[in-house]
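Me: I am new to reading protein structures, and I would like to look closely at a single part. Could you walk me through one helix and its surroundings, step by step?

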Amino acid sequence: MPKKRRKLNKDFEKEIYSSRKNVELVLAKIYDIDDEDIQKEYMTAFNEVVNTYDQLKKDYELIGFNNNSENLIADYNKAFSLFKSEFEI
C-alpha cells in the first residue's frame with residue numbers, strides 16, 4: 001500500500017523558515033556572550049524555545065500540515081516571546 005503523502009502549506013513553511021532564522025540568530029548571540037555563567041543561564045532558558053522549534057519542524061517533515069500544526073507554531077511563538085521578555089538579547 002502506498003504511503004500517504006503529507007499535506008504541505010507554503011505559508012506555514014515560511015513561518016518555519018522564519019522561526020529557524022530567529023533561533024539561529026539568538027543562538028549566535030548567546031554564543032557571543034563572554035561570561036560562561038551568563039551564557040549557560042541564557043542557553044538553559046533558550047533550550048525550551050529550541051526544543052519547541054525542533055518539535056514543530058519534525059512534525060511538519062513527518063506528517064505535514066495538520067490540525068496540530070497551528071498549536072505547535074503557537075507554542076513556539078509563546079516560548080520565544082517569553083524568552084525575549086525575560087532575557088535581554
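The reply below follows helix H2 from one end to the other and then turns to its surroundings.

Reply: Happy to! Please keep in mind that this is a predicted model, and let's take H2 as our part.

Start with its dimensions. Helix H2 covers residues 36-62. H2 has 27 residues, and the distance from its first C-alpha to its last is 37 Å, close to the 39 Å expected at 1.5 Å a residue. Even so, H2 has a kink of about 35°, and the kink is centred on phenylalanine 46.

Now look at the two ends. At the N-terminal end, aspartate 35 acts as a cap on H2: one of its side-chain oxygens lies 3.0 Å from the backbone nitrogen of aspartate 37. At the other end, leucine 62 still belongs to H2. Leucine 62 counts as exposed because its relative accessibility is 63%, and exposed here means over 50%. In sequence leucine 62 is 56 residues from arginine 6, yet in space the two are 7.4 Å apart, C-alpha to C-alpha. After H2 comes glycine 64, which has a positive phi, near 95°.

Next, which residues of H2 are buried? Among them are Gln39, Tyr42, Met43, Phe46, Val49, Val50, Tyr53, Leu56, Asp59 and Tyr60. To read such a list, it helps to know that an α-helix has 3.6 residues a turn, so residues three or four places apart point the same way. The buried residues of H2 are covered by neighbours that include H1 and H3.

Several of these residues take part in a shared core. The largest nonpolar core has 22 residues, and those touching the most other members are Val23, Phe46, Val49, Leu56, Tyr76 and Phe83. H1, H2 and H3 are the elements that give two or more residues to this core, and H2 gives the most, with 8 residues. Valine 49 is a good one to zoom in on: setting aside neighbours within four places in sequence, valine 49 is in contact with Val23, Tyr76, Ala79, Phe80 and Phe83. Phe80 and Phe83 turn up again in one aromatic cluster, together with Tyr42, Phe46, Tyr53, Tyr76 and Phe87.

Aromatic rings deserve a closer look, as the count comes to 9 aromatic pairs. The rings of phenylalanine 12 and tyrosine 60 have centres 5.4 Å apart and planes at 50°, so this pair is tilted. Phenylalanine 12 sits in helix H1 and tyrosine 60 in H2, 48 residues apart, so the pair links distant parts of the chain. Both phenylalanine 12 and tyrosine 60 are buried. Phenylalanine 12 also pairs with phenylalanine 65: the ring centres are 5.3 Å apart and the planes lie at 70°, so this pair is edge-to-face. Since phenylalanine 65 lies in the loop between H2 and H3, the pair ties H1 to a part 53 residues away in sequence. Phenylalanine 65 is buried because its relative accessible area is 18%, and buried means under 20%.

Finally, meet a neighbour from the next helix. Serine 69 is found in H3, residues 67-86, and serine 69 counts as buried because its relative accessibility is 1%. Not counting residues up to four places away in sequence, serine 69 touches Phe12, Leu56, Asp59 and Gly64. Leu56 and Asp59 are two of the buried residues of H2, so that brings us back to the helix where we started.

Terms used: Residues numbered from 1 in each chain as written. Predicted model: local features only at pLDDT ≥ 70, side-chain atom pairs only at ≥ 80, totals over all residues. Heavy atoms only, no water. Helix = DSSP H or I, 4+ residues; strand = E, 2+ residues; numbered from the N terminus. Buried < 20%, exposed > 50% of the residue type's maximum accessible area, 1.4 Å probe, protein only. Contact = heavy atoms within 4.5 Å. Phe/Tyr/Trp six-rings, centres within 6.5 Å; stacked < 30°, edge-to-face > 60°. Core = buried A, V, L, I, M, F, W, Y, C linked by side-chain atoms within 4.5 Å. Expected span 1.5 Å × (residues − 1). Bend = angle between axes of the 7 residues up to and from the residue. Polar contact = N/O pair within 3.5 Å; in protein donor to acceptor, adjacent residues only side chain to side chain.
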